[in-house]
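Please examine the model below with attention to its ligand and to its internal space. The explanation takes these two topics in turn.

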Amino acid sequence: MKFPPMQLDNPLLPNYDFDAHLVAGLTPIERDSELDFIIDRPNGMQGFIINITTRGKGMIFRGEDQFEVGHGDLLLFPPEAAHFYQRHDQEPRWYHRWIYFRPRGFWSELLSWQLSTGGVYLTKNLSEDSVQLIESLFIDVDLASKQDTPFSGELAVNLLEQLLIRCKTLQPENAIRKLDPRIIEVINIMSDNICREYSVEELASRVYLSASRLAHLFREDVGSTIIQWRNDQRINYAKQLLTTSQISINRISRIVGYTDPLYFSRIFKRVIGVSPKAFRNYHVSIEED
Ligand code: FCB
(Lines give C-alpha, C1' and ligand atoms only; values in the text may rest on other atoms or scores of the structure.)
Protein backbone atom coordinates (compact mmCIF):
# COMPACT_ATOMS: atom_id res chain seq x y z
CA MET A 1 0.00 0.00 0.00
CA LYS A 2 1.50 3.33 -1.03
CA PHE A 3 1.43 6.31 1.25
CA PRO A 4 -0.73 8.99 -0.38
CA PRO A 5 0.91 12.27 -1.30
CA MET A 6 -0.11 15.41 0.58
CA GLN A 7 -2.60 17.30 -1.48
CA LEU A 8 -4.96 20.07 -0.53
CA ASP A 9 -7.08 20.53 -3.64
CA ASN A 10 -8.30 16.99 -4.30
CA PRO A 11 -11.16 15.74 -2.11
CA LEU A 12 -10.09 12.14 -2.76
CA LEU A 13 -6.81 12.67 -0.97
CA PRO A 14 -6.15 13.38 2.71
CA ASN A 15 -5.90 16.93 4.02
CA TYR A 16 -8.59 18.33 1.77
CA ASP A 17 -10.50 20.93 3.71
CA PHE A 18 -14.22 20.17 3.44
CA ASP A 19 -15.16 23.73 4.16
CA ALA A 20 -18.25 23.85 1.95
CA HIS A 21 -21.92 23.04 2.15
CA LEU A 22 -21.85 20.32 -0.47
CA VAL A 23 -19.03 18.37 -2.10
CA ALA A 24 -19.65 15.22 -4.13
CA GLY A 25 -17.42 12.68 -5.81
CA LEU A 26 -16.64 9.16 -6.90
CA THR A 27 -13.72 7.39 -5.23
CA PRO A 28 -12.49 4.60 -7.54
CA ILE A 29 -10.13 2.57 -5.36
CA GLU A 30 -8.06 -0.06 -7.21
CA ARG A 31 -5.64 -2.32 -5.35
CA ASP A 32 -2.22 -0.65 -4.94
CA SER A 33 -3.30 2.54 -6.67
CA GLU A 34 -2.81 6.04 -5.34
CA LEU A 35 -6.24 5.90 -3.69
CA ASP A 36 -5.68 2.56 -1.99
CA PHE A 37 -5.39 3.76 1.59
CA ILE A 38 -7.55 3.83 4.71
CA ILE A 39 -9.90 6.77 5.01
CA ASP A 40 -9.41 7.53 8.67
CA ARG A 41 -11.11 10.47 10.37
CA PRO A 42 -11.40 9.49 14.04
CA ASN A 43 -13.31 12.67 14.96
CA GLY A 44 -15.78 12.50 12.10
CA MET A 45 -16.44 15.56 9.95
CA GLN A 46 -18.33 18.85 10.21
CA GLY A 47 -21.12 17.61 7.99
CA PHE A 48 -22.81 14.38 6.98
CA ILE A 49 -21.58 11.93 4.36
CA ILE A 50 -23.83 9.69 2.32
CA ASN A 51 -22.06 6.89 0.46
CA ILE A 52 -23.08 4.20 -2.03
CA THR A 53 -20.91 1.31 -3.20
CA THR A 54 -21.02 1.03 -6.98
CA ARG A 55 -18.37 -1.67 -7.61
CA GLY A 56 -16.38 -4.15 -5.56
CA LYS A 57 -16.43 -4.18 -1.80
CA GLY A 58 -15.41 -1.95 1.06
CA MET A 59 -14.61 -2.71 4.66
CA ILE A 60 -15.98 -0.35 7.29
CA PHE A 61 -14.41 -0.06 10.75
CA ARG A 62 -12.22 -2.65 12.39
CA GLY A 63 -12.43 -5.09 15.28
CA GLU A 64 -15.86 -5.92 16.65
CA ASP A 65 -17.66 -3.19 14.72
CA GLN A 66 -16.26 -4.24 11.34
CA PHE A 67 -18.65 -4.91 8.46
CA GLU A 68 -18.44 -5.00 4.68
CA VAL A 69 -20.39 -3.17 2.00
CA GLY A 70 -21.06 -4.27 -1.56
CA HIS A 71 -22.96 -3.13 -4.66
CA GLY A 72 -25.87 -0.83 -3.80
CA ASP A 73 -25.24 -0.67 -0.04
CA LEU A 74 -25.83 2.76 1.42
CA LEU A 75 -24.04 4.38 4.34
CA LEU A 76 -24.87 7.61 6.13
CA PHE A 77 -22.24 9.02 8.48
CA PRO A 78 -23.58 11.61 10.93
CA PRO A 79 -21.07 14.39 11.69
CA GLU A 80 -19.51 12.97 14.83
CA ALA A 81 -19.33 9.37 13.60
CA ALA A 82 -15.75 8.20 13.11
CA HIS A 83 -14.69 7.36 9.55
CA PHE A 84 -12.50 4.32 9.09
CA TYR A 85 -12.92 2.54 5.79
CA GLN A 86 -10.97 1.03 2.94
CA ARG A 87 -11.08 -1.44 0.07
CA HIS A 88 -11.99 -4.93 1.28
CA ASP A 89 -8.66 -6.78 1.41
CA GLN A 90 -10.06 -9.73 -0.57
CA GLU A 91 -11.31 -7.54 -3.41
CA PRO A 92 -9.35 -5.87 -6.22
CA ARG A 93 -11.42 -2.69 -6.08
CA TRP A 94 -13.90 -0.59 -4.19
CA TYR A 95 -15.72 2.19 -6.03
CA HIS A 96 -18.01 4.36 -4.02
CA ARG A 97 -19.87 7.57 -4.68
CA TRP A 98 -20.27 10.01 -1.81
CA ILE A 99 -21.75 13.37 -0.97
CA TYR A 100 -20.52 15.50 1.88
CA PHE A 101 -23.11 18.02 3.05
CA ARG A 102 -24.17 20.39 5.78
CA PRO A 103 -27.89 19.64 6.07
CA ARG A 104 -30.81 22.00 6.18
CA GLY A 105 -32.37 22.22 9.64
CA PHE A 106 -35.63 20.60 8.64
CA TRP A 107 -33.90 17.52 7.22
CA SER A 108 -33.34 15.90 10.61
CA GLU A 109 -36.07 13.32 10.13
CA LEU A 110 -34.61 12.29 6.77
CA LEU A 111 -31.24 11.84 8.42
CA SER A 112 -32.25 9.18 10.85
CA TRP A 113 -32.42 5.76 9.27
CA GLN A 114 -33.59 2.56 10.80
CA LEU A 115 -30.45 0.53 11.24
CA SER A 116 -27.30 2.00 12.64
CA THR A 117 -24.10 0.14 13.33
CA GLY A 118 -21.18 1.74 15.17
CA GLY A 119 -22.88 5.15 14.89
CA VAL A 120 -23.24 4.85 11.09
CA TYR A 121 -26.50 4.20 9.30
CA LEU A 122 -26.53 1.30 6.89
CA THR A 123 -29.11 0.20 4.30
CA LYS A 124 -28.57 -3.08 2.48
CA ASN A 125 -30.49 -5.42 0.20
CA LEU A 126 -32.24 -2.80 -1.92
CA SER A 127 -33.84 -3.93 -5.16
CA GLU A 128 -31.81 -3.34 -8.33
CA ASP A 129 -34.37 -0.72 -9.44
CA SER A 130 -33.93 1.21 -6.21
CA VAL A 131 -30.15 1.01 -6.46
CA GLN A 132 -30.26 2.43 -10.00
CA LEU A 133 -32.56 5.25 -8.99
CA ILE A 134 -30.40 6.15 -5.99
CA GLU A 135 -27.18 5.93 -7.98
CA SER A 136 -28.51 8.19 -10.71
CA LEU A 137 -29.47 10.78 -8.08
CA PHE A 138 -25.92 10.59 -6.70
CA ILE A 139 -24.65 11.30 -10.23
CA ASP A 140 -27.11 14.17 -10.72
CA VAL A 141 -26.03 15.79 -7.44
CA ASP A 142 -22.38 15.35 -8.41
CA LEU A 143 -22.92 16.98 -11.82
CA ALA A 144 -24.99 19.85 -10.46
CA SER A 145 -22.45 20.50 -7.69
CA LYS A 146 -19.65 20.87 -10.25
CA GLN A 147 -21.53 23.19 -12.57
CA ASP A 148 -21.03 26.87 -12.35
CA THR A 149 -24.30 28.08 -13.77
CA PRO A 150 -27.07 30.15 -12.19
CA PHE A 151 -28.84 28.15 -9.49
CA SER A 152 -26.67 25.03 -9.94
CA GLY A 153 -25.92 25.11 -6.19
CA GLU A 154 -29.63 25.24 -5.36
CA LEU A 155 -30.27 22.45 -7.86
CA ALA A 156 -27.61 20.27 -6.22
CA VAL A 157 -29.18 20.78 -2.78
CA ASN A 158 -32.62 20.09 -4.19
CA LEU A 159 -31.45 16.85 -5.83
CA LEU A 160 -29.74 15.86 -2.61
CA GLU A 161 -33.01 16.38 -0.77
CA GLN A 162 -34.71 14.07 -3.29
CA LEU A 163 -31.99 11.52 -2.74
CA LEU A 164 -32.44 11.69 1.04
CA ILE A 165 -36.22 11.37 0.72
CA ARG A 166 -35.76 8.30 -1.49
CA CYS A 167 -33.34 6.77 0.99
CA LYS A 168 -35.69 7.45 3.88
CA THR A 169 -38.66 5.90 2.09
CA LEU A 170 -36.56 2.82 1.31
CA GLN A 171 -36.03 2.16 5.01
CA PRO A 172 -37.72 -1.07 6.04
CA GLU A 173 -39.92 0.83 8.53
CA ASN A 174 -41.60 2.62 5.62
CA ALA A 175 -42.03 -0.34 3.34
CA ILE A 176 -45.63 -1.46 3.23
CA ARG A 177 -45.90 -4.55 5.35
CA LYS A 178 -48.81 -6.57 6.50
CA LEU A 179 -48.56 -6.75 10.25
CA ASP A 180 -50.55 -9.20 12.30
CA PRO A 181 -53.35 -7.21 14.02
CA ARG A 182 -52.17 -8.46 17.40
CA ILE A 183 -48.72 -7.01 16.72
CA ILE A 184 -50.32 -3.71 15.73
CA GLU A 185 -52.24 -3.79 19.02
CA VAL A 186 -49.04 -4.40 21.00
CA ILE A 187 -47.28 -1.57 19.15
CA ASN A 188 -50.19 0.74 19.93
CA ILE A 189 -50.21 -0.21 23.62
CA MET A 190 -46.50 0.55 23.93
CA SER A 191 -46.62 3.72 21.80
CA ASP A 192 -49.43 5.16 23.92
CA ASN A 193 -47.24 4.88 26.96
CA ILE A 194 -43.65 4.78 25.78
CA CYS A 195 -42.14 5.50 29.21
CA ARG A 196 -43.89 2.58 30.89
CA GLU A 197 -42.22 -0.77 31.42
CA TYR A 198 -44.29 -3.62 30.02
CA SER A 199 -43.35 -7.24 30.47
CA VAL A 200 -43.76 -9.52 27.47
CA GLU A 201 -46.18 -11.59 29.58
CA GLU A 202 -48.41 -8.58 30.23
CA LEU A 203 -48.47 -7.57 26.56
CA ALA A 204 -49.11 -11.16 25.52
CA SER A 205 -52.08 -11.50 27.85
CA ARG A 206 -53.59 -8.30 26.38
CA VAL A 207 -53.67 -9.90 22.92
CA TYR A 208 -54.45 -13.47 24.06
CA LEU A 209 -51.14 -15.01 23.03
CA SER A 210 -48.52 -16.83 25.03
CA ALA A 211 -45.40 -14.79 25.80
CA SER A 212 -43.21 -16.97 23.61
CA ARG A 213 -45.67 -16.85 20.69
CA LEU A 214 -45.87 -13.05 20.89
CA ALA A 215 -42.08 -12.70 21.09
CA HIS A 216 -41.69 -14.91 18.04
CA LEU A 217 -44.42 -13.22 16.01
CA PHE A 218 -43.13 -9.75 16.88
CA ARG A 219 -39.65 -10.59 15.72
CA GLU A 220 -40.96 -12.12 12.54
CA ASP A 221 -43.19 -9.15 11.65
CA VAL A 222 -41.18 -6.22 12.93
CA GLY A 223 -37.63 -7.53 12.59
CA SER A 224 -36.49 -6.75 16.12
CA THR A 225 -37.35 -7.88 19.63
CA ILE A 226 -40.06 -6.10 21.61
CA ILE A 227 -37.48 -4.51 23.89
CA GLN A 228 -35.25 -3.38 20.99
CA TRP A 229 -38.26 -1.86 19.26
CA ARG A 230 -39.34 -0.05 22.42
CA ASN A 231 -35.79 1.25 22.99
CA ASP A 232 -35.58 2.52 19.39
CA GLN A 233 -38.87 4.37 19.80
CA ARG A 234 -37.63 5.93 23.01
CA ILE A 235 -34.46 7.16 21.34
CA ASN A 236 -36.42 8.49 18.34
CA TYR A 237 -38.78 10.33 20.64
CA ALA A 238 -35.83 11.73 22.58
CA LYS A 239 -34.23 12.94 19.32
CA GLN A 240 -37.45 14.68 18.42
CA LEU A 241 -37.72 16.39 21.82
CA LEU A 242 -34.06 17.39 21.79
CA THR A 243 -34.36 19.14 18.44
CA THR A 244 -37.84 20.60 18.70
CA SER A 245 -38.14 21.64 22.36
CA GLN A 246 -36.11 23.21 25.14
CA ILE A 247 -37.03 20.59 27.70
CA SER A 248 -33.99 19.68 29.82
CA ILE A 249 -32.16 16.48 29.07
CA ASN A 250 -32.97 15.12 32.55
CA ARG A 251 -36.67 15.60 31.90
CA ILE A 252 -36.47 14.16 28.42
CA SER A 253 -34.84 11.07 29.83
CA ARG A 254 -37.79 10.62 32.22
CA ILE A 255 -40.38 11.42 29.55
CA VAL A 256 -39.05 8.67 27.31
CA GLY A 257 -38.79 6.17 30.14
CA TYR A 258 -35.34 6.32 31.75
CA THR A 259 -35.31 7.17 35.45
CA ASP A 260 -31.52 7.52 35.43
CA PRO A 261 -30.39 10.36 33.08
CA LEU A 262 -26.82 9.06 33.03
CA TYR A 263 -27.98 5.69 31.85
CA PHE A 264 -30.14 7.41 29.21
CA SER A 265 -27.16 9.44 27.98
CA ARG A 266 -25.04 6.30 27.77
CA ILE A 267 -27.66 4.42 25.74
CA PHE A 268 -28.26 7.46 23.52
CA LYS A 269 -24.57 7.81 22.81
CA ARG A 270 -24.21 4.12 22.05
CA VAL A 271 -27.06 4.20 19.54
CA ILE A 272 -26.62 7.64 17.96
CA GLY A 273 -22.86 8.05 18.33
CA VAL A 274 -22.98 11.32 20.26
CA SER A 275 -24.37 12.44 23.63
CA PRO A 276 -27.87 13.99 23.82
CA LYS A 277 -26.23 17.35 24.58
CA ALA A 278 -23.95 17.22 21.53
CA PHE A 279 -26.88 16.07 19.39
CA ARG A 280 -29.00 19.03 20.50
CA ASN A 281 -26.16 21.55 20.11
CA TYR A 282 -25.39 20.33 16.63
CA HIS A 283 -28.99 20.59 15.49
CA VAL A 284 -29.46 24.00 17.04
CA SER A 285 -26.29 25.23 15.29
CA ILE A 286 -27.39 23.98 11.86
CA GLU A 287 -30.81 25.59 12.32
CA GLU A 288 -29.01 28.88 12.89
CA ASP A 289 -26.72 28.52 9.89
C1 FCB B 1 -12.96 11.17 0.09
C2 FCB B 1 -13.26 9.71 0.34
C3 FCB B 1 -14.74 9.49 0.40
C4 FCB B 1 -15.37 10.44 1.37
C5 FCB B 1 -14.96 11.85 1.05
C6 FCB B 1 -15.54 12.83 2.03
O7 FCB B 1 -11.59 11.41 0.18
O8 FCB B 1 -12.73 8.94 -0.71
O9 FCB B 1 -15.01 8.17 0.81
O10 FCB B 1 -14.98 10.11 2.67
O11 FCB B 1 -13.58 11.97 1.08
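In this predicted model, a polar backbone atom of Pro11 stands 2.5 Å from an oxygen atom of the ligand. Side chains take part in polar contacts as well. Thr27 places a polar side-chain atom 2.8 Å from a ligand oxygen atom, and Arg41 has a side-chain N or O atom at 2.9 Å from an oxygen atom of the ligand. How much of the ligand's exposed area does the protein bury? Taken alone, the ligand exposes 290 Å², and 98% of that area is buried by the protein.

The shell that provides this cover can be read residue by residue. Around the ligand are Pro11, Leu12, Phe18, Thr27, Ile39 and Arg41, together with Met45, Ile49, Tyr85, His96 and Trp98. By class, the shell consists of eight nonpolar residues, two polar residues and one charged residue. Two strands, β2 (39-41) and β8 (93-101), each contribute at least two residues to this shell.

The second topic is the enclosed space, computed over the protein atoms alone. Searching the whole structure yields one cavity of 30 Å³ or more. The volume of the largest cavity is about 120 Å³. Its lining comprises 14 residues, and those nearest the centre are Phe48, Pro78, Ile272, Phe279 and His283.

Where does the largest cavity lie with respect to the domains? Domain 1 (22-174) and domain 2 (179-288) each give residues to the lining, and therefore the largest cavity lies between them. Helix α9 (residues 276-288) supplies the largest share of that lining, with three residues. In composition, the lining of the largest cavity divides into nine nonpolar, three polar and two charged residues.

Conventions:
Residues numbered from 1 in each chain as written. Predicted model: local features only at pLDDT ≥ 70, side-chain atom pairs only at ≥ 80, totals over all residues. Heavy atoms only, no water. Near = heavy atom within 4 Å. Polar contact = N/O pair within 3.5 Å; in protein donor to acceptor, adjacent residues only side chain to side chain. Areas by Shrake-Rupley, 256 points an atom, 1.4 Å probe, with all protein chains shown as cover. Helix = DSSP H or I, 4+ residues; strand = E, 2+ residues; numbered from the N terminus. Nonpolar A, V, L, I, M, F, W, Y, C, P; charged D, E, K, R; others polar. 1 Å grid on protein atoms, 1.4 Å probe; cavity = no way out; pocket = protein on both sides within 12 Å on 5 of 7 lines; lining within 4 Å. Points joined across faces, edges and corners; volume = space filled by probe spheres on them. Domains from an automatic or database assignment.
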